[in-house]
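Open the model in a viewer and keep the sequence panel visible. The stops below are given in the order in which to select them.

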Amino acid sequence: MQIDFGDVLRERHRWALEHKETGGLMMGCYSAMVPEELMWSCGVLPVQFLMSPGDYGESQAYLPPYVCDCSKSIFEEYVNGTYSYLDGLMVSHVCETIRGLAGILSVRRPDRFVHVFTAPAGNDAGARRYLKAELIGLADKLQSLGAVPMSEERLEEAISVYNENRALISELYRVRGGNPGTVEPEQVLSAVLSAGIMPKPQHNQMLHGFLKTIHKGPEKTGTRIILSGLLFENEVAGRGNLFSIFRESNALVVWDDLATGMRYRFERIEDLEGGDPLDRLVESLMGPQPAPLRSPAEGKAGQLLQAARDYGGEGVIFLIPKYCDPILFNIPTLTQILKEHGLPALCLEVSGSLPEGQMRTRVEAFLEMISGSPFNV
Ligand code: SF4
């Protein structure tokens with residue numbers, strides 16, 4: 001059977017509704033830096049918001065015009081009933097905008113649970129104790145909403161399922177990076193986005209099947225590019241034009257560091273026989289996190305340079321959502337470091353719907369400039 005993760009995105013609410021029928025709870029989430037394993041061990045399905053373009057008319061009365069389209073999209077769909085099945089909202093503190101949005105939504109929908117999750121910036125014993133207490137408190141709050149009580153056994157099981165998912169996604173990126181012609185970039189990103197909205201056991205099954213369908217074909221030639229930043233779901237699920245422009249320009253995406261892609265927290269949680277699984281979850285959440293607020297730009301630049309070395313990347317295209325402070329703060333440092341290492345970069349400001357004409361011109365000019373200059377420093 002042909003596996004198409006785009007179908008999961010097109011039927012984005014199906015999995016949550018099926019989970020609800022089993023008596024489970026659903027928590028709307030923004031950013032993968034929330035304790036997903038803990039939620040799943042309590043029978044709660046984390047449902048990542050997919051960003052949809054629109055005129056965001058309802059949000060205009062509540063949000064200033066200079067907030068990002070991501071926040072407007074979440075606001076709009078949270079209050080217009082698109083996500084009426086959710087039992088609450090949990091966002092990680094990746095920026096001040098999302099923290100403010102959580103506050104506004106808690107006023108707009110006081111009947112719903114809202115939680116802002118923040119792992120401490122410190123990395124000492126006190127920070128670990130604090131975070132462990134936070135997680136225990138969170139499990140208690142979920143239980144008061146009707147979730148299953150947390151237990152070591154269930155958390156251990158959840159960690160194992162999530163570790164398998166991270167390993168499978170890493171494998172998909174390795175296979176695609178080795179020969180980008182074997183799988184379309186939209187399929188890779190759809191696979192990662194789907195991981196955020198469907199139960200991981202079923203997603204693991206789909207990933208196993210999908211990896212088997214990727215056949216080693218002849219090496220495809222083209223300009224090898226890396227993407228970083230953030231993309232809306234409509235670009236990935238087939239209605240946008242960014243990837244068509246890449247194909248028509250003979251560009252091959254070899255790796256991405258998109259917030260909707262590999263920026264997913266892909267480090268597995270350490271397997272330790274007999275150790276407290278909650279301690280391991282704490283350790284994982286306090287590790288180097290793939291978001292600007294918690295990781296210095298130098299670390300991100302090192303990751304992009306390494307991917308370029310591993311997969312022959314010739315340039316990086318940064319996709320920057322309008323008004324996204326955390327990404328914008330990082331860009332000067334990132335582009336400077338890449339430049340010093342001889343890796344060219346293009347910055348494209350993107351919003352919900354990318355304006356095609358201007359984008360095509362800029363992408364084509366960039367590709368023409370870098371084509372045939374493999375990065376090898
Ligand atoms: S990280 Fe950027 S895009 Fe996401 S909510 Fe914050 S400002 Fe908006």
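Start with helix 7 and helix 9, where helix 7 passes helix 9 in a left-handed crossing. The model is a predicted one.

**Helix 7 against helix 9**

Select residues 152-178 for helix 7 and residues 200-213 for helix 9; their axes come within 10 Å and cross at roughly 30°. Angles under 35 degrees count as roughly parallel, so helix 7 is roughly parallel to helix 9. To see the contact, show side chains for Val161, Tyr162, Glu164, Asn165, Leu168, Glu171 and Leu172 on helix 7. On helix 9, add Lys200, Pro201, His203, Asn204, Leu207, His208 and Leu211. By class, this contact has 7 nonpolar, 4 polar and 3 charged residues.

**Helix 7 against helix 8**

Keep helix 7 and add helix 8, residues 185-195. The axes of helix 7 and helix 8 come within 11 Å and cross at roughly 170°. Angles over 145 degrees count as roughly antiparallel, and helix 7 and helix 8 are therefore roughly antiparallel to each other. From helix 7, select Asn165, Ile169, Leu172 and Arg176; they meet Val188, Ala191, Val192 and Ala195 of helix 8. The contact of helix 7 with helix 8 divides into 6 nonpolar residues, 1 polar and 1 charged. Asn165 and Leu172 belong to this contact and also to the contact with helix 9.

**Proline 277**

Next, pick proline 277, in helix 12 (residues 277-285). Is proline 277 buried or exposed? Proline 277 is buried, because 24 other C-beta atoms lie within 10 Å. Leaving out residues up to four places away in sequence, proline 277 touches Glu152, Leu155, Glu156 and Ile159. For a distance check, draw a line from the C-alpha atom of proline 277 to that of alanine 158: the two are 119 residues apart along the chain and separated by 9.8 Å.

**The ligand shell**

Move to the ligand and show the 13 residues around it. Which residues come nearest? They are Cys68, Cys70, Cys95, Thr97 and Cys324. Helix 4 (69-79), helix 5 (96-108) and helix 14 (325-340) each give two or more residues to the shell. Helix 14 gives the most, with 3 residues. Colour the shell by class to see 10 nonpolar residues, 2 polar and 1 charged.

From the shell, select cysteine 95, in the loop between strand 3 (88-92) and helix 5. Cysteine 95 counts as buried because it has 23 C-beta neighbours inside 10 Å. Its C-alpha atom is 22 Å from that of proline 110, a residue 15 places away in sequence.

**Helix 4**

Select helix 4, which is mostly covered, with 10 of its 11 residues buried. The buried residues are Asp69, Cys70, Ser71, Lys72, Ser73, Ile74, Phe75, Glu76, Glu77 and Tyr78. Which elements should be switched on to see part of what covers the buried residues of helix 4? Strand 1 (25-30), helix 5 and strand 7 (315-321) are included in that cover. Then step to glycine 81, which follows helix 4 and has a positive phi, near 95°.

**Helix 13 against helix 14**

Return to helix 14 and add helix 13, residues 297-311. Helix 13 and helix 14 pack at an angle of about 45°, with their axes 9 Å apart. That makes helix 13 oblique to helix 14. The crossing of the two is right-handed. Select Ala297, Glu298, Lys300, Ala301 and Leu304 on helix 13, then Asn330, Thr333, Leu334, Ile337 and Leu338 on helix 14, to show the contact. By class, the contact has 6 nonpolar, 2 polar and 2 charged residues.

**Two positive phi values**

Most residues other than glycine have a negative phi. Select tyrosine 56, which is not a glycine yet has a positive phi of about 50°. Tyrosine 56 lies in the loop between strand 2 (44-48) and helix 4. Tyrosine 56 counts as partly exposed, with 19 C-beta neighbours inside 10 Å.

End at asparagine 250, also not a glycine, with a positive phi of about 60°. Asparagine 250 is in the loop between helix 11 (242-248) and strand 6 (251-258). Asparagine 250 counts as exposed because it has 12 C-beta neighbours inside 10 Å.

Definitions and conventions. Residues are numbered from 1 along each chain as its sequence is written. This is a predicted model: local features need pLDDT of at least 70, side-chain atom pairs count only at pLDDT 80 or more; totals for chains, interfaces and linings use all residues. Axes are lines fitted to C-alpha atoms, for helices over the stretch in contact, and angles run from 0 to 180 degrees between N-to-C directions. Helices (H or I, at least four residues) and strands (E, at least two) are DSSP runs, numbered from the N terminus. Angles under 35 degrees count as roughly parallel, over 145 as roughly antiparallel, 65 to 115 as roughly perpendicular and the rest as oblique. A crossing is left-handed if the near helix is turned anticlockwise from the far one by less than a right angle, and right-handed if clockwise. Two residues are in contact if their C-beta atoms, placed from the backbone, lie within 7 Å. Ala, Val, Leu, Ile, Met, Phe, Trp, Tyr, Cys and Pro count as nonpolar, Asp, Glu, Lys and Arg as charged, and the others, Gly among them, as polar. A residue is near a molecule or strand if its C-beta atom, placed from the backbone, lies within 6 Å of it. A residue is buried if 20 or more other C-beta atoms lie within 10 Å of its own, exposed if 12 or fewer, and partly exposed in between; C-beta atoms are placed from the backbone.
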